[in-house]
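Please look over the sequence and the model shown here before reading the report that accompanies them.

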Amino acid sequence: MVNYDKNGNHVTPFEGRVPADLTLGNGTSIKKGDPLYTMDSANPGKLVSMGGAGGAGIGSAPHENAGDITIDGGVIEAQAYGNDNAGTNEWNKTGAGIGGSYGGGGTSITINGGVVRAVGSCHGAGIGAGCTSLPANTTNSVPAYDKDILPGIMLTREYKNGQRCRDITVNGGNVVAQGFVHGFALGDGCGGQSSQGHALTITGGNIATTRDTTNNGVGGNDGGGYLGASGLDVIVQGGSFNVPYFGFTTNPSTTQVTDGRGNPLTMVEIDLAGYDGLAGAQLKSLTVTIDGAPITDAEGNAHRYGLPYGVDSANKVYFWLPDTANGKEVSIKDFAVSTLKPDGSRDETTSDYPFVVPNAGNGAIAKRYVEINIDDYVAKVPDLRNFLVKRYDGVPISLDDQFKQTVAGFKVPAGEPKGEVIDNAATMHLSSHRLTDRDGNATNEPVQPGGSYANAGTYEVIIDSDEWAADVNFSRSFWGHKLYLSSAIEPADSEVSVATHTLDYGNVTGTDPSKLSAVNLTANVMPRTKPSGDLPAEKTTCASPDGFLQFFANGVPVGDPVALQPATDKTPEGYAYSTASYSWSDFKRYQIPRNPQGTVIIQGKYLGGTNYNPSDGLSTEIPADEAKDIPFIDTPEVVVKPQNPDPDAPPVPELKPEGPPTVGPPDPEAENKDLINTLHSTVHDRYSIPVDENGAPLGPDDLLKWAEERYGIPDGCILEPVVLENPDGTPASEIVVSSPGSYVVRVPVKDKVTGNTTTIVVDFSVVNPPQVAKPEGPETDEKRPLPIDKVTHEPNQGTVHGESSDSVERPVRPGVTDTPDSVRDWIEDYYDIPEGSTVSTPMLKDEHGNPVDSIDAGTPGHWIVEFTVTDEQGNTSTITVDYVISPDAEPKPDAPGNDDSGGNGADAGNGDSDKDSVAGPADNSADTGKQNSGGDAKPSDLRTRLAQTGDPWIVGSVGILAVGTLSAAALALARRRTSR
């Protein structure tokens with residue numbers, strides 16, 4: 001099985017495990033963190049390679065470096081020529097098992113898996129570099145030492161000047177490396193130069209090193225070692241191996257082993273001799289902790305120990321841990337092993353409990369503890385449960401002998417030995433482990449001895465019991481029992497109780513004494529002193545808060561967070577408190593937004609601490625006359641440019657920022673490199689264009705050109721690339737104009753000097769004008785949409801407008817007067833109005849188009865009713881109705897509003913479509929873009945004149961409607977025909 005995924009990418013292990021979820025080239029799916037044997041074949045191939053005189057088993061010929069060598073799996077056996085210590089013909093015995101040759105060093109050797117056995121030579125390493133060649137300045141002529149340069153090789157640049165080991169990496173596999181008297185098992189050969197800047201890196205797998213140092217005719221000193229090379233860094237982040245020393249001598253100080261993360265390491269031996277069936281098994285998983293805490297780098301960041309290949313034949317595993325592990329409890333959790341069966345399947349075994357070495361460095365025997373959670377027992381004792389969960393008050397939770405007696409009284413079943421219980425308080429030992437902090441983040445803290453703890457967070461109380469440790473059968477496998485229960489201390493609330501400022505003027509030599517030179521800020525932080533909702537004031541036993549406080553000026557952080565300093569006194573109410581102070585003088589480096597009053601509001605915000613929640617503090621205000629020396633900065637002001645040439649056109653919208661600007665880090669591209677912060681505002685606009693069935697989509701470049709035409713920006717500002725999104729915030733690549741749709745267009749405007757921005761967020765819509773529907777006939781409730789005869793676009797507001805016509809016959813209603821309000825009621829009842837749209841008060845006209853105040857519904861005649869429907873985005877449709885009062889229109893007898901009561905026509909407005917005769921075009925098409933050509937209704941004189949008018953703008957009932965041409969912006973944007 002080749003270590004490549006289905007896309008041809010090489011799979012390199014991480015922490016001795018599979019690096020990611022992936023599918024191998026043969027279709028096998030593996031998961032991140034899986035053991036590397038999931039990439040092994042059940043029947044791996046085998047390669048045996050023997051080197052020639054002066055050459056490597058696998059690697060280079062004489063005077064040639066080895067090149068890059070990567071081993072991913074299989075069974076590999078490589079032997080250099082002359083793998084012994086005999087002095088006879090010794091200069092032929094100069095190559096590495098895997099790596100360099102006579103006069104040739106290593107380059108990069110990587111082992112990711114497999115079973116590898118590499119045997120070096122008298123002078124060459126098992127894995128690594130070969131032997132040095134005859135020095136170029138030798139005064140002796142020793143032809144037997146000087147190997148010929150073979151044709152076609154790449155001559156090493158260290159020719160006759162000493163070879164180098166360079167880089168060796170073991171990420172996995174089971175590796176056996178053997179060296180002899182002058183060569184390392186894994187590292188340098190005889191006489192090598194320094195490999196400074198290179199490393200032997202071990203992240204996983206097993207390594208077994210052996211050396212034969214018997215002196216049979218070779219020079220009288222032991223010139224090799226087990227692991228290492230001159231100047232070579234040794235970095236271990238995982239794996240299992242045991243060597244007596246590193247470097248060239250038995251002095252362990254000659255080569256320091258580190259984890260490459262800032263920690264020196266020490267070997268911790270784990271002896272599993274008490275457990276049958278583990279020797280030779282491969283490891284599936286494990287997690288290493290030290291006193292309950294994960295392994296961390298020098299900065300406290302947790303990481304996993306790289307997975308070893310398996311348990312060796314002596315039932316041991318060797319871990320290389322930070323040297324601080326000495327004397328501490330090392331636990332191996334999640335311990336699982338796997339054994340390959342002859343048929344290719346695997347037997348897997350998972351330990352029920354962690355393996356533990358109680359005192360690392362002072363003993364290697366690993367046993368387990370029987371672990372039992374007793375939270376269910378504690379829950380049955382409410383007073384104990386309440387004692388274990390409380391709010392921070394500065395008083396520790398202290399568990400004592402009485403607590404042990406309570407636990408002993410639970411008589412918890414021991415599990416092992418079978419049938420026994422844990423009930424001896426005298427054999428119990430208490431400790432606590434703070435698992436998470438105030439915010440619920442893992443602390444990575446070690447277990448603390450004793451039963452007292454005070455800081456906020458979640459805890460695990462651990463009760464070690466050795467009640468059964470003397471039992472012969474039990475003690476073969478177990479150290480004792482560990483009982484676990486949960487506890488928690490909730491953080492207390494805080495308050496910033498005091499925020500003050502003082503002003504300094506002219507304190508800097510040579511400055512104007514009237515100029516403000518510094519603002520001195522002070523704030524106090526303490527436990528919350530007053531009730532909040534159902535919570536009482538915090539206890540006066542609370543300690544003074546730790547952590548940091550940030551000062552703000554008009555919402556801009558000023559300076560870095562200031563560490564709190566405990567006060568030496570207490571408040572009159574008896575509360576401990578802490579103080580933060582800061583002197584602010586570099587005003588010009590801060591961009592402080594202007595507020596309407598021209599003042600600077602200083603606020604201190606406590607960021608929270610070990611035991612306290614954050615809090616926003618009181619504010620102090622620098623008056624406008626004192627703040628005049630603090631420069632105020634505005635974000636770019638954006639305006640909409642008028643594009644409608646008609647003097648009576650609706651005004652452009654005013655774009656106002658939504659609240660105060662947000663604060664960001666400095667912009668590395670800003671021309672002013674001294675600024676500490678940036679300011680960012682958001683304004684909203686909306687813009688609609690009509691649907692164009694044949695229109696091309698609009699991409700970001702089209703929208704940028706549209707934005708350049710629509711918006712005016714200050715000098716020194718630029719429009720940055722437009723961001724196009726769907727309404728749900730997902731990215732969109734283009735605006736489709738051939739069908740209705742909604743989009744969000746974000747147009748950033750940036751000040752090149754300051755890096756401040758104003759982002760225009762545009763609700764951009766492709767729409768048809770709102771379309772109303774009317775009844776199909778007097779005997780049905782079915783409605784059909786009114787065709788839209790004309791579509792226009794108004795560029796100032798960015799709205800779409802349609803025009804429709806209709807003809808309706810209503811019956812004579814003696815004594816009834818139709819007023820604009822009653823006709824509006826009738827419109828809303830008779831027509832289907834799109835959801836979310838509103839209907840204007842209609843304009844009433846006589847048959848000649850002259851405005852009238854009302855219509856006499858008791859007298860037959862022709863009238864004109866015009867009304868406008870406006871959707872939520874401001875798009876409109878104006879409907880002109882040929883409104884006929886006809887004696888031939890017969891209402892239903894029971895239709896409301898058809899009596900002779902007279903009045904103002906309100907009853908008429910409450911009827912339904914059944915009482916009116918429906919006249920109009922016979923075509924029932926809902927196509928909004930085509931002229932309706934058929935029908936029986938006679939258009940009104942006004943409608944005829946409107947259709948024939950050459951005036952591109954007419955006054956409608958709700959404003960200015962463009963009926964002639966689309967705006968230049970709409971033409972450029974939509975690329976559409978202006979009339980249908």
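The report below goes from the overall composition to a sheet, a helix, the salt bridges and a surface patch.

## Overall composition

This is a predicted model, and the protein in it contains 8 helices and 67 strands. Of its 980 residues, 49% are buried, while the area that the protein exposes comes to about 43300 Å², with carbon and sulfur atoms supplying 49% of that area.

The contacts can also be described by sequence separation: among those between residues at least 6 apart in sequence, 70% join residues at least 24 apart.

## A parallel sheet

One open sheet is built from 6 strands, which are arranged in the order β5-β8-β11-β14-β17-β19 and pair in parallel. The edges are taken by β5 (68-71) and β19 (257-258), and because each of these has a single partner strand, one side of each is left without a neighbour in the sheet. Strands of a sheet pair through backbone hydrogen bonds, in either a parallel or an antiparallel manner.

At the β5 edge, the partner is strand β8 (residues 108-111), which runs parallel to β5 and is joined to it by 4 bridges. Within this pairing, I71 stands opposite I111 in β8.

## The two sides of helix α5

Helix α5 spans residues 700-710, and its buried residues are L703, W706, A707 and R710. Viewed down the axis of α5, these buried residues fall within an arc of 100°, so they line one face of the helix. The other side of α5 carries D701 and K705, which are exposed.

The general geometry of such an element is relevant to this pattern: an α-helix has 3.6 residues a turn, so residues three or four places apart point the same way.

## Salt bridges across the chain

Searching the whole structure gives 31 salt bridges. One of them pairs K316 with E269, whose closest N and O atoms are 2.7 Å apart. This pair links distant parts of the chain, since K316 belongs to strand β23 (residues 316-322) and E269 to strand β20 (residues 265-271), 47 residues apart. E269 is partly exposed, at a relative accessible area of 22%.

A second salt bridge brings together the side chains of R391 and D493, at 3.1 Å from N to O. Because R391 lies in strand β28 (residues 389-391) and D493 in the loop between β36 (478-490) and β37 (494-505), the pair ties together parts that are 102 residues apart in sequence. R391 is partly exposed, with a relative accessible area of 23%, whereas D493 has a relative accessibility of 18% and counts as buried, the cut-off for buried being under 20%. Both residues also take part in a network of salt bridges that links R391, E490, D493, R528 and E538.

A third salt bridge joins R594 to D634, with the closest N and O atoms 3.6 Å apart. R594 is placed in the loop between β43 (592-593) and β44 (600-606), and D634 in the loop between β46 (632-633) and β47 (639-640), so this pair ties together parts that are 40 residues apart in sequence. D634 counts as partly exposed, at 45% relative accessibility.

## A nonpolar surface patch

I149, L155 and Y159 make a nonpolar patch on the surface, of about 250 Å². Y159 is located in the loop between β10 (127-128) and β11 (167-170), and Y159 is partly exposed, with a relative accessible area of 30%.

How values were computed
Residues numbered from 1 in each chain as written. Predicted model: local features only at pLDDT ≥ 70, side-chain atom pairs only at ≥ 80, totals over all residues. Heavy atoms only, no water. Buried < 20%, exposed > 50% of the residue type's maximum accessible area, 1.4 Å probe, protein only. Arc of directions from axis to C-beta. Salt bridge = Lys/Arg side-chain N within 4 Å of Asp/Glu carboxyl O. Patch = residues over 30% accessible without salt bridge, like charges linked within 9 Å, V, L, I, M, F, W, Y side chains within 5 Å. Areas by Shrake-Rupley, 256 points an atom, 1.4 Å probe, with all protein chains shown as cover. Pairing = 2+ DSSP bridges. Contact = heavy atoms within 4.5 Å.
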